[in-house]
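Hi,

Here is the structure I promised to pass on to you. Please have a look at it first, and then read my notes below.

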Amino acid sequence: MLQGTMGVYSASAGLMICLILALWAPYRSFAFEVDANQTAQLSIDASDGRPIPDNLFGIFFEEINHAGAGGLWAELVSNRGFEAGGSSTPSNIDPWTVIGNESSIYVKTELSSCFDRNKVALRMEVVCDSESSTNICPAGGVGVYNPGYWGMNIEQGKTYKVVFHIRSMGAVDLSVSFTTSNGLQQLATGKITGASSQFSNWTKVEMLLQSKGTDHAGRLQLTTSRKGVIWLDQVSAMPLDTYKGHGFRKDLFTMLQDLKPRFFRFPGGCFVEGEWLRNAFRWRETIGPWEERSGHFGDVWFYWTDDGLGYFEFLQLAEDLGAAPVWVVNNGVGHRDQVATSNILPFVQDALDSIEFARGTADSKWGSVRAAMGHPEPFNLHHIAVGNEDCGKPYYRGNYLKFYYAIKDAYPDIKIISNCDGSSRQLDHPADMYDFHTYPNNANSMFSMSHQFDRTTRTSSGPKAFVSEYAVTGNDAGHGSFVAALAEAAFLIGLELNSDVVEMASYAPLFVNDNDRRWNPDAIVFNSWQQYGTPSYWMQHFFKESSGATLLHSTVQANSSVSLVSSAITWQSSEDDSFYLRIKVVNYGSNAVDLKISVSGLDANSISPTGSKKIALTSSNLMDENSFKDPKKVVPVGSTLTNAATEMTVSLSPRSLNALDISLNPALKPVYESSM
């Protein structure tokens with residue numbers, strides 16, 4: 001059990017009993033040990049299938065590891081409103097740094113901003129001058145610079161939008177520049193000048209800067225050589241080429257898009273709860289103009305976020321990905337404090353208001369706020385998770401029921417997710433789904449969990465599992481190892497086989513900034529300008545066609561002892577409408593296996609002679625990892641499946657994840673449409 005982290009639920013004891021029971025369960029193929037002859041038989045009945053849930057595999061985002069602030073959210077400036085040091089002034093302005101010394105400039109924070117929800121502003125008193133006879137400013141002037149999140153990625157030819165608010169007692173002559181990391185070379189620069197009358201009140205300034213050079217660890221400077229007092233606040237710098245102009249860093253967005261996620265769970269995780277409720281995610285504080293967002297300190301993962309990536313942006317991200325949003329609401333429970341059920345109604349109303357913001361008409365109270373932000377049409381919100389990992393805490397059940405009945409009364413179609421595990425015993429409260437988190441501390445334990453849901457009671461009306469957080473942790477995981485991905489693949493095949501009782505599943509965590517590893521491992525690693533997927537990221541590509549596919553009945557027979565887990569589905573390509581039979585097999589053993597595959601329910605002409613392929617994920621060392629130096633060390637490799645037929649033998653490498661995509665004759669389309 002993981003305390004004070006994202007994972008609370010651990011694997012139940014006695015999982016190996018499933019190896020015996022599984023022989024009689026429908027729609028399953030199970031792990032066996034193959035002896036030295038290295039052979040096994042996989043039988044598939046293509047006439048016997050059932051639909052897999054449309055949203056089985058998706059993604060989960062939490063503001064952890066600087067995943068959003070300094071990551072997916074493309075804002076370059078860290079602590080853009082000078083609020084991170086707290087409201088007591090003067091306060092720390094990190095990572096802002098003063099350019100100049102006390103003989104030329106005095107810098108402090110004041111509660112003098114024009115924004116009511118974030119009153120802290122920066123006051124710069126410049127005591128040098130370019131024309132002074134006694135105190136001449138140093139070359140380049142004095143002021144402040146911001147290095148962003150471990151360096152700003154400034155690239156030649158790209159344009160950046162810089163926005164800030166300024167007030168001055170006198171005339172202004174301010175240089176705004178992107179420079180190299182040491183400040184010695186300007187990459188792009190602009191000037192703001194004007195008489196004191198133009199800046200006597202807070203004034204918003206916007207400018208576009210095109211870089212003439214590249215520095216992946218650049219910085220933003222605001223400098224002057226004019227004596228006087230200047231106040232600055234809400235300083236932002238964003239690249240123009242974010243995804244659809246929505247503020248998402250394109251390369252990281254594309255990596256999410258390539259997974260074809262069917263749902264998007266957000267914003268946490270422990271980030272939802274807060275170590276203390278005062279530091280929990282508050283959706284109301286994250287909507288509206290970015291300058292007016294108060295930001296908050298995420299006290300679970302120990303860093304400040306300006307909440308530029310807020311509730312609206314999360315909903316927009318889900319829409320851009322074509323994924324169903326899964327909104328995790330705070331239920332009045334933090335890690336160290338909680339609200340009694342008798343006092344929970346304000347939290348319940350807050351959740352109802354958040355749903356109206358997402359789904360309400362453009363003339364409703366909260367829907368009109370969304371419309372004013374540029375999205376008059378409602379978002380497609382149909383899933384609400386009440387809390388995160390809070391089951392068992394004193395007030396959770398009572399609070400949950402208040403949320404459940406209030407939401408169901410107002411929005412009967414919304415599916416509500418409980419934090420309590422219903423996989424081994426029936427819940428004592430109503431729910432559409434129950435949350436299940438697992439972080440085994442070794443790969444073997446995760447591999448055995450391919451049978452986790454084999455024994456779950458099958459009922460037509462009972463809640464289904466939402467495996468919203470899973471990953472191998474501990475020594476086997478490293479910073480994202482091949483063996484962890486292999487074991488996780490077996491677990492996902494188990495979820496696929498049990499998709500009559502499992503509704504959705506997602507890996508966690510999704511992102512890590514390489515400069516701030518609060519948690520290992522993670523699916524996607526990045527810095528200011530680079531990114532790569534861990535083997536666990538690439539493993540998920542094998543399952544991106546599973547949601548909404550048809551699961552076929554399949555069984556494995558083998559001689560004694562190498563571990564195999566497999567499944568078979570039929571799926572239709574969204575690109576060309578072609579149909580495929582996909583067979584996935586994890587060979588967890590250390591020997592190669594010749595797998596004899598027999599497909600019944602299809603005649604010999606059902607399989608197209610062209611278009612079939614094999615994709616394999618394997619590596620020479622179980623602990624192999626990808627890196628910035630070698631981002632494709634462990635990635636799927638494709639090859640032509642030349643012997644595709646209803647009877648065929650395929651060689652499986654030791655310790656490998658394999659997908660066989662067998663192209664089906666287009667004439668079969670009506671048959672498979674009726675079963676999907």
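What follows covers one sheet, then the cavities, then the largest pocket.

Please keep in mind that this is a predicted model.

**The sheet**

Five strands come together in an open sheet, and their order across it is 4-5-13-8-11. The pairing is antiparallel. In general, strands of a sheet pair through backbone hydrogen bonds. Strand 4 (105-110) and strand 11 (203-210) are the edge strands; each has a single partner strand, so one side of each has no neighbour in the sheet. From one strand to the next, the twist averages 30°.

If you would like a place to zoom in, try strand 5 (residues 121-126) and strand 13 (residues 228-239), which run antiparallel and are joined by 5 bridges. Leu122 has Leu232 of strand 13 as its bridge partner.

**The cavities**

How many cavities of 30 Å³ or more does the structure hold? There are 5 of them.

The largest cavity has a volume of about 110 Å³. Its lining is made up of 14 residues, and those nearest its centre are Phe57, Gly58, Leu259, Gln540 and Phe543. Strand 22 (residues 502-507) gives the largest share of that lining, with 3 residues. Sorted by class, the lining of the largest cavity has 9 nonpolar, 3 polar and 2 charged residues.

The second largest cavity holds about 70 Å³ of space. It is lined by 13 residues, with Ala69, Trp73, Tyr149, Asp306 and Gly308 closest to its centre. Here the lining divides into 4 nonpolar, 4 polar and 5 charged residues.

**The largest pocket**

The largest pocket contains about 640 Å³ of space, and 26 residues line it. Which of them lie nearest its centre? They are Trp73, Met238, Gly245, His246 and Trp290. You may recognise Trp73 from the second largest cavity, where it is also among the residues closest to the centre.

The pocket also takes us back to the sheet. Strand 8 (159-168), strand 11, strand 13 and helix 5 (311-321) each give two or more residues to the lining of the largest pocket; strands 8, 11 and 13 also belong to the open sheet described above. By class, the pocket lining divides into 9 nonpolar, 9 polar and 8 charged residues.

Happy to talk it through whenever suits you.

Best wishes

Key
Residues numbered from 1 in each chain as written. Predicted model: local features only at pLDDT ≥ 70, side-chain atom pairs only at ≥ 80, totals over all residues. Heavy atoms only, no water. Pairing = 2+ DSSP bridges. Helix = DSSP H or I, 4+ residues; strand = E, 2+ residues; numbered from the N terminus. Axes fitted to C-alpha atoms, helices over the stretch in contact; angles between N-to-C directions. 1 Å grid on protein atoms, 1.4 Å probe; cavity = no way out; pocket = protein on both sides within 12 Å on 5 of 7 lines; lining within 4 Å. Points joined across faces, edges and corners; volume = space filled by probe spheres on them. Nonpolar A, V, L, I, M, F, W, Y, C, P; charged D, E, K, R; others polar.
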